[in-house]
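Open the model in your viewer and keep the sequence panel beside it. This tour goes from one selection to the next.

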Amino acid sequence: MTQVRDGRTGGSVVHVVTAEDGARACLSCGVFAIRLKCYRTTRTMLLSCSGHFVSIRWRKARWYCTATCL
């Protein structure tokens, strides 16, 4: 899901939320997690795109691996 809003800097803020099921797969063992750890939002610096400033905020879920990677 992506949402664009006008920011205070005279540019735009793009909000991105990871909603893909594949993001729950453990990088070590490949098992799909079912237990949510937390949400983390990362922010970029202001980027220039065609003379307009754009800031990206990415909200991603962090998952616990319930298999062997506890």
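Where is the place of Lys-60? Select Lys-60 and you land in strand 5. Keep in mind that this is a predicted model. Lys-60 has a relative accessible area of 26%, so it counts as partly exposed. Now add Cys-38 to the selection. The C-alpha atoms of Lys-60 and Cys-38 are separated by 8.6 Å, although their positions lie 22 residues apart along the chain.

**The whole chain**

Zoom out and switch to cartoon. You should find five strands and zero helices. From start to end the pattern reads β-β-β-β-β. Next, colour by accessibility. Of the chain's 70 residues, 11% count as buried.

**Along strand 5**

Go back to strand 5, which covers residues 52-64. Start with His-52, which has its place in this strand. Is His-52 buried or exposed? Its relative accessible area is 54%, and the cut-off for exposed is over 50%, so His-52 is exposed. Select Ser-12 as well. His-52 and Ser-12 are 40 residues apart along the chain, yet their C-alpha atoms are separated by 7.8 Å.

Step on to Ile-56, also in strand 5. Ile-56 shows 29% relative accessibility and counts as partly exposed. Pick Thr-44 for the next distance. From C-alpha to C-alpha, Ile-56 and Thr-44 are separated by 5.6 Å. Along the chain they are 12 residues apart.

**Charges over rings**

Show side chains for Arg-59 and Tyr-39. Arg-59 lies over the face of Tyr-39, at 3.8 Å from the ring centre. Now show Arg-35 and Tyr-64. Here Arg-35 lies over the face of Tyr-64, and the distance from the ring centre is 4.2 Å. What about rings against rings? How many aromatic pairs are there? The count comes to zero.

**The cysteines**

Select Cys-29 next. Cys-29 lies in a loop, between strand 2 (12-17) and strand 3 (35-43). Its relative accessible area is 33%, so Cys-29 is partly exposed. Add Ala-67. Cys-29 and Ala-67 are 38 residues apart in sequence, but 8.0 Å apart in space, C-alpha to C-alpha.

Compare two other cysteines. Cys-26 has a relative accessible area of 16%, under the 20% cut-off, so Cys-26 is buried. Cys-38 has 24% and is partly exposed. How many disulfides does the model have? A pair of cysteine sulfur atoms must lie within 2.5 Å to count, and by this rule there are zero disulfides.

**The second largest pocket**

Finish with a surface view. Rolling a probe the size of a water molecule over the atoms shows where empty space is left. The second largest pocket holds about 150 Å³ of space.

Which residues line the second largest pocket? Select these for its lining:

- Ala-23, Arg-24, Ala-25, Cys-26 and Leu-27, which are among the lining residues
- Ala-33, also in the lining
- Arg-62, Trp-63, Tyr-64 and Cys-65, which are part of the lining too

Colour the lining by class. Eight of its residues are nonpolar, two are charged and no polar residue is present.

Two stops from earlier come back here. Buried Cys-26 is one of the lining residues. Tyr-64, whose face has Arg-35 over it, is another member of the lining.

Terms used. Residues numbered from 1 in each chain as written. Predicted model: local features only at pLDDT ≥ 70, side-chain atom pairs only at ≥ 80, totals over all residues. Heavy atoms only, no water. Buried < 20%, exposed > 50% of the residue type's maximum accessible area, 1.4 Å probe, protein only. Phe/Tyr/Trp six-rings, centres within 6.5 Å; stacked < 30°, edge-to-face > 60°. Lys NZ or Arg CZ within 6 Å of the ring centre and 35° of its normal. Helix = DSSP H or I, 4+ residues; strand = E, 2+ residues; numbered from the N terminus. 1 Å grid on protein atoms, 1.4 Å probe; cavity = no way out; pocket = protein on both sides within 12 Å on 5 of 7 lines; lining within 4 Å. Points joined across faces, edges and corners; volume = space filled by probe spheres on them. Nonpolar A, V, L, I, M, F, W, Y, C, P; charged D, E, K, R; others polar.
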